[in-house]
Amino acid sequence: MNYKALGLGLGLFSIALGAAELLAPKRITRALESEGHEGLVKGFGAREVLAGATLLAAPAVSTNVWNRVAGDAMDLTALGFAAAAHPRNKAVWGSVAFVMAATALDVFTARGLDRETGKLLPVEE
């Protein structure tokens, strides 16, 4: 398995997702019935763009992927609040499923990089 290529792909995905969150927060909050939380969506978007940039700069560094896992936990927490407030909203549950799948891929990639490269920091030894 080429975990570095997965890291690079996750970096590109993060930038695309972050851009969507930065450019269309009202559309996202409307779909999730969470109007008024556009600032939170923009903050999550900025975090995604930063995560993507670090992965593009160093796709074989597992810490960069573990940072995505931490971001996934934040996303799932926010979606948990949305699900509690709107338990019948299919967009919320679809988002939960999507983030859980992304989290699984992130963990798989990070663990693979931990084993393959053993490189936790983007510095040369």
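These legends accompany several views of a predicted model.

**View 1. An all-helical protein.** Welcome to the overall fold of this predicted model. The protein contains 5 helices and 0 strands, and reading from the N terminus its elements follow the order α-α-α-α-α. The radius of gyration is 15 Å, close to the 14 Å that the globule rule gives for 125 residues, so the protein is as compact as a globular protein of that length. Measuring-tape fans may like the span of the C-alpha trace along its principal axes, about 50 × 25 × 15 Å.

**View 2. Inside and between the helices.** Here we turn to burial and contacts. Of the 125 residues in the protein, 36% are buried. Among contacts between residues at least 6 apart in sequence, 76% link residues at least 24 apart.

**View 3. The protein surface.** Now for the outside. The protein exposes about 7,200 Å², and 68% of that area comes from carbon and sulfur atoms.

**View 4. A nonpolar patch on the surface.** Take a closer look at Met1, Leu105 and Phe108, which form a nonpolar patch on the surface. Together these three residues offer about 310 Å² of accessible area.

**View 5. Phenylalanine 108, a member of the patch.** This last view stays with one residue of that nonpolar patch, Phe108. Phenylalanine 108 sits in helix H5, which covers residues 90–116. Its relative accessibility is 37%, so phenylalanine 108 counts as partly exposed: the value falls between the 20% limit for buried residues and the 50% limit for exposed ones.

Terms used: Residues are numbered from 1 along each chain as its sequence is written. This is a predicted model: local features need pLDDT of at least 70, side-chain atom pairs count only at pLDDT 80 or more; totals for chains, interfaces and linings use all residues. Side-chain values use heavy atoms; hydrogens and water are left out. Patches are made of residues with over 30% relative accessible area and no salt bridge: like charges are joined within 9 Å, nonpolar side chains (Val, Leu, Ile, Met, Phe, Trp, Tyr) within 5 Å. Accessible areas come from the Shrake-Rupley method with a 1.4 Å probe; for residues, only the protein chains shown count as cover. A salt bridge is a side-chain nitrogen of Lys or Arg within 4 Å of a carboxyl oxygen of Asp or Glu. Helices (H or I, at least four residues) and strands (E, at least two) are DSSP runs, numbered from the N terminus. Buried means under 20% relative accessible area, exposed over 50%, partly exposed in between (1.4 Å probe, protein chains only). The radius of gyration is taken over C-alpha atoms; the globule rule is 2.2 Å times the number of residues to the power 0.38. Contact means heavy atoms within 4.5 Å.
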